Amino acid sequence: MKVTVLRLGHRLSRDARISTHLALVARAFGAQRIVYDAGAADVKESVDRISQAWGGGFEVAFVKGWKRYVQDFPGVKVHLTMYGLPIADVIPGLAGVGELLVVVGGAKVPSEVYGLVDHNVAVGGQPHSEVAALAVFLDRLFMGGELSHDFGGKKRVIPQARGKKLSESP
Ligand SMILES: C[S@@+](CC[C@H](N)C(=O)[O-])C[C@H]1O[C@@H](n2cnc3c(N)ncnc32)[C@H](O)[C@@H]1O
């Protein structure tokens, strides 16, 4: 399954750190691409640098008209929101989907989003964070398999009970 994350409400001056974390979580937990509704060159630069060293073909992109992007997306669309249906009820219906769009919000989510997607999905009924919601959603979607994916990067962690070990190829 090919997963694209659409992050709405990126505020250029305030959100660089959380938007970067969202991209890193998307990449590490099995998505192929993250799209922001506002230019975030600094975010793209730091995520691209990590992908170069740690592998995978993760892509960071920007879109001007997010509404058109969602409408034209050629696949199934979900929106993560605490007001949606429980994640456990939605995930089984996503088996076999080829292309999936996962929309996450920021400070304020435009109300039209709820009607543009196929599923509004709650990761619990409490307010928390788009980073946490995305991580739990992707982990449930891929049933944990994404955590052992081989990214084929120049840098790799050699797991240790204690201490830190990295292998680095040129
Ligand atoms: C800090 S919240 C802001 C929510 C905002 N008050 C709104 O209008 O929905 C940012 C994003 O985190 C995600 N999120 C937060 N809690 C969630 C939950 N319980 N289930 C699913 N997604 C959640 C949603 O994507 C939300 O848009």
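Student: In which pocket does the ligand sit?

Tutor: The model is a predicted one. A molecule is assigned to a pocket if more than half of its atoms lie within 2 Å of the grid points of that pocket. By this criterion, the pocket that holds the ligand is the largest.

Student: Which elements give two or more residues to the shell around the ligand?

Tutor: Two strands and a helix meet this condition. The strands are β4 (76-86) and β6 (119-122), and the helix is α6 (130-141).

Student: Which element provides the largest share of the shell around the ligand?

Tutor: The shell consists of 18 residues, and Leu80, Val123, Gly124, Gln126 and Glu130 are the closest. The largest share amounts to three residues, and the element that provides them is β4.

Student: How many residues of the shell around the ligand are nonpolar, polar and charged?

Tutor: Glycine counts as polar in this classification, so Gly124, one of the closest residues, belongs to the polar class. By class, the shell has one charged residue, seven polar and ten nonpolar.

Student: Which residue has a backbone N or O atom 2.9 Å from a nitrogen atom of the ligand?

Tutor: A polar contact requires a pair of N or O atoms within 3.5 Å. Backbone N or O atoms of Gly105 and of Glu130 each lie 3.1 Å from an oxygen atom of the ligand. The residue whose backbone atom lies 2.9 Å from a ligand nitrogen is Val123.

Student: What percentage of the area that the ligand exposes when taken alone does the protein bury?

Tutor: Taken alone, the ligand exposes 570 Å². The part of this area that the protein buries is 78%.

Student: Is Thr81 buried or exposed, and with which residue does its side chain make a polar contact?

Tutor: Thr81 belongs to strand β4. Its relative accessibility is 9%, under the 20% limit, and therefore Thr81 counts as buried. Its side chain makes a polar contact of 3.3 Å with the side chain of Tyr114.

Student: Is Thr4 buried or exposed?

Tutor: Thr4 is placed in strand β1, which covers residues 2-7. The side chains of Thr4 and Arg33 form a polar contact at 3.0 Å. Because the relative accessible area of Thr4 is 0%, the residue is buried.

Student: How far apart in space are the C-alpha atoms of Val117 and Leu80?

Tutor: Val117 lies in the loop between α5 (113-116) and β6, and at 11% relative accessibility it counts as buried. Leu80 is one of the closest residues to the ligand. Val117 and Leu80 are 37 residues apart in sequence, and their C-alpha atoms are separated in space by 10 Å.

Student: What separation do the C-alpha atoms of Pro110 and Gly65 have?

Tutor: Pro110 is located in the loop between β5 (99-104) and α5. Its relative accessible area of 27% makes it partly exposed. Along the chain, Pro110 and Gly65 are 45 residues apart, while the separation of their C-alpha atoms is 13 Å.

Student: Which residue has a positive phi although it is not a glycine?

Tutor: Most residues other than glycine have a negative phi. The residue in question lies in the loop between α6 and β7 (155-157), and at 76% relative accessibility it counts as exposed. With a phi of about 50°, this residue is Met143.

Conventions: Residues numbered from 1 in each chain as written. Predicted model: local features only at pLDDT ≥ 70, side-chain atom pairs only at ≥ 80, totals over all residues. Heavy atoms only, no water. Near = heavy atom within 4 Å. Polar contact = N/O pair within 3.5 Å; in protein donor to acceptor, adjacent residues only side chain to side chain. Areas by Shrake-Rupley, 256 points an atom, 1.4 Å probe, with all protein chains shown as cover. 1 Å grid on protein atoms, 1.4 Å probe; cavity = no way out; pocket = protein on both sides within 12 Å on 5 of 7 lines; lining within 4 Å. Helix = DSSP H or I, 4+ residues; strand = E, 2+ residues; numbered from the N terminus. Buried < 20%, exposed > 50% of the residue type's maximum accessible area, 1.4 Å probe, protein only.
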